[in-house]
Amino acid sequence: MGLVYWIHCNETNQNYIGSTTYSLNKRINEHIKESYKYSSKPIIDRNNYSVSILEDNINKDILKVREQFYMDCCDNLLNIYRANGVDEVKKKKTLAKAYHNYWINHKEEINKKKGIKITCECGSVYRKSGKSQHIKTKKHLDFVAS
Ligand SMILES: [Zn+2]
């Protein structure tokens with residue numbers, strides 16, 4: 001059994017919705033002691049908030065669904081993640097952006113690495129980026145087979 005709780009900032013009207021299968025006190029203590037771990041941090045840091053139980057005695061199997069239900073109803077929410085885990089699309093977009101930025105910043109370095117010439121045991125010279133193509137060439141295959 002679990003419950004869905006609501007942390008509300010009395011100053012800014014920001015909200016945080018969470019769920020737990022422990023007692024509410026234990027869960028709120030985690031928010032306080034390890035505030036850096038949670039997106040509720042701004043509310044906890046201001047230390048002027050109220051905590052309420054939105055629903056109690058929820059079956060564990062539907063706890064995350066109920067949490068998400070309240071998150072969808074609530075405005076001014078601080079929660080970063082959806083109740084059922086990280087939003088996969090959002091995660092992929094963030095990663096793609098990070099890779100793109102890395103490429104922009106290291107473009108020359110990456111191209112240089114790709115352009116390094118390698119002399120193969122078969123006697124051919126190929127660019128590093130062309131290795132997968134080279135190892136399929138007749139000359140290379142003949143060398144490997146001999
Ligand atoms: Zn070769």
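How many of the six residues of S2 are buried? In this predicted model, the count comes to five of six, leaving S2 mostly covered. A residue counts as buried here if 20 or more other C-beta atoms lie within 10 Å of its own. Strand S1, which spans residues 2-9, gets similar treatment: six of its eight residues are buried, so S1 is largely enclosed by the rest of the structure.

Now for the sheet itself. Three strands make up an open sheet, laid out in the order S2-S1-S3 with antiparallel pairing. Strand S2 (15-20) and strand S3 (49-58) sit at the edges, and each has a single partner strand, so one side of each goes without a neighbour in the sheet. From one strand to the next, the twist averages 20°. Packed on this sheet is helix H3, made of residues 63-73, which touches S1, S2 and S3. The direction of H3 makes about 170° with that of S2.

Next, the pairing of S1 with S2. These two strands run antiparallel to each other and are joined over six bridges. Among the residue pairs, leucine 3 of the sheet faces threonine 20 in S2, while valine 4 has serine 19 in S2 as its bridge partner. Further along, histidine 8 stands opposite asparagine 15, again a residue of S2. S1 and S2 also form a hairpin, with five residues between the two strands. One residue of that turn, asparagine 13, has a positive phi of about 65°.

That leaves the pairing of S1 with S3. Here, too, the sense is antiparallel, and the two strands are linked over seven bridges. Tryptophan 6 takes part in this pairing, with serine 52 in S3 as its bridge partner.

Put together, S1 pairs with S2 over six bridges and with S3 over seven, in keeping with the strand order S2-S1-S3. Helix H3 touches each of these strands, S1, S2 and S3, as it packs on the sheet.

Definitions and conventions: Residues numbered from 1 in each chain as written. Predicted model: local features only at pLDDT ≥ 70, side-chain atom pairs only at ≥ 80, totals over all residues. Pairing = 2+ DSSP bridges. Helix = DSSP H or I, 4+ residues; strand = E, 2+ residues; numbered from the N terminus. Axes fitted to C-alpha atoms, helices over the stretch in contact; angles between N-to-C directions. Contact = placed C-beta atoms within 7 Å. Buried ≥ 20, exposed ≤ 12 C-beta atoms within 10 Å, placed from the backbone.
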